[in-house]
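Please examine the sequence and the three-dimensional view below before reading on. The paragraphs that follow lead from a DNA-facing surface to a small group of strands.

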There are 2 protein chains.
Amino acid sequence: MQQPIAEDCEVTCGGSEADLVRIKAEMIAEPLIQDIAEWFKVLSDPTRVKIISALMRRELCVHDLSELLEMGQSAVSHQLRYLRNMRMVKRRKVGKTVYYALDDSHIEEIIQVTLEHLKHK
Amino acid sequence: MQQPIAEDCEVTCGGSEADLVRIKAEMIAEPLIQDIAEWFKVLSDPTRVKIISALMRRELCVHDLSELLEMGQSAVSHQLRYLRNMRMVKRRKVGKTVYYALDDSHIEEIIQVTLEHLKHK
DNA sequence: GGAACAGATGAGTATATGTTCATATGATAT
DNA sequence: ATATCATATGAACATATACTCATCTGTTCC
């Protein structure tokens, strides 16, 4: 009767096969992993961080954001769409102009925590 | 004596030029923006989130990580180098095998905060 | 020494991402 | 209706990213 062949590095790597199975079960579930990565990707681009940094002060229209960031209107608009899809910002239309504001209570908190972290490094 | 010409959208966009200048001064400084984006980029990839998720349990060698993630050794190794450069993980060598462990006290906290956030959405 | 193994790394490649350009939409004013 | 302004959006393009493959380094065991 064949025993299941032991993995090559069962001993050398310190962890038994059973251990790995347990760890795998304890790891964050796949769909959640995807969500986390997607969420962090929002803040992984300087332009988006700048936009959020500006909106932390007050709501702003696309044109003003474009001036603050010294970037083309189109580029800003594309990123705003991205942020809107991610439910990070909401918009309010007044005549021709569109005002954007933060729509996620946790962003500021997480940015603040990260700032503290980066300072103490 | 010439007054500085007002910006096109001074009135329509609701913010005076002086306001924009003030906001610009209050925004997070450019180099810090870059650091924040770089830091978040670490967790913007599912593979890296998985690696960190696994290392939150205990230190692991490359081979075991490779098994846990069901990915090639090379791919895992590349990401580990990235994480090492970002000072997110440290390594400990024992004979042929190299053990990786978390080297950033704040990652777990931030992931935990993010998980809570994602659940309550 | 040489074989076997764990891991690291450079090159190549396919895909993702961010910006620009041109143009479209939608609103206001004349 | 037409012109103008604020914003949105699709296509194109250049760069960045993550993986694979082949190869290299460093260690142990014979």
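By class, how many nonpolar, polar and charged residues does the surface near DNA strand C have? In this predicted model, that surface has 11 polar residues, 9 charged residues and 7 nonpolar residues.

The surroundings of DNA strand C comprise 27 residues, of which the closest are Ser74(A), Ser74(B), Ser77(B), Arg91(B) and Tyr100(B). Of the atoms of DNA strand C that come within 4 Å of the protein, 67% belong to sugar and phosphate.

Individual contacts may now be considered. The side chain of Ser77(B) places an N or O atom 2.6 Å from a phosphate oxygen of DNA strand C. Tyr100(B) likewise has a polar side-chain atom 2.6 Å from a phosphate oxygen of this strand. For His78(B), the partner is a base oxygen of DNA strand C, which lies 3.0 Å from a polar atom of the side chain. Two or more residues of the surface near DNA strand C are given by each of these elements: α3 (46-55) and α5 (73-85) in chain A, and α4 (62-69), α5 (73-85) and β3 in chain B. Among the contributions to this surface, that of α5(B) is the largest, with 6 residues.

Strand β3 of chain B deserves a separate look. It spans residues 97-102, and 6 of its 6 residues are buried. How are the two faces of β3(B) covered, and by which residues is this shown? On one side Thr97(B), Tyr99(B) and Ala101(B) are buried, and on the other Val98(B), Tyr100(B) and Leu102(B) are buried as well. Burial is here judged on the protein chains only, and Tyr100(B), though buried in that sense, is also among the residues closest to DNA strand C.

The neighbours of β3(B) complete the picture. Strands of a sheet pair through backbone hydrogen bonds, either parallel or antiparallel. Strand β2 of chain B, residues 89-94, runs antiparallel to β3(B) and is paired with it over 6 bridges; within this pairing, Lys90(B) stands opposite Ala101(B). The two strands form a hairpin with 2 residues between them, and Gly95(B) in the turn has a positive phi of about 65°. Strand β1 of chain B, residues 60-61, is also antiparallel to β3(B), joined by 2 bridges, and Cys61(B) has Tyr99(B) as its bridge partner.

Together, the 3 strands of chain B form an open antiparallel sheet in the order β1-β3-β2. Because β1 and β2 of chain B stand at the edges with a single partner strand each, one side of each is left without a neighbour in the sheet.

Notes: Residues numbered from 1 in each chain as written. Chains lettered and ligands numbered in written order. Predicted model: local features only at pLDDT ≥ 70, side-chain atom pairs only at ≥ 80, totals over all residues. Heavy atoms only, no water. Buried < 20%, exposed > 50% of the residue type's maximum accessible area, 1.4 Å probe, protein only. Helix = DSSP H or I, 4+ residues; strand = E, 2+ residues; numbered from the N terminus. Pairing = 2+ DSSP bridges. Near = heavy atom within 4 Å. Polar contact = N/O pair within 3.5 Å; in protein donor to acceptor, adjacent residues only side chain to side chain. Nonpolar A, V, L, I, M, F, W, Y, C, P; charged D, E, K, R; others polar.
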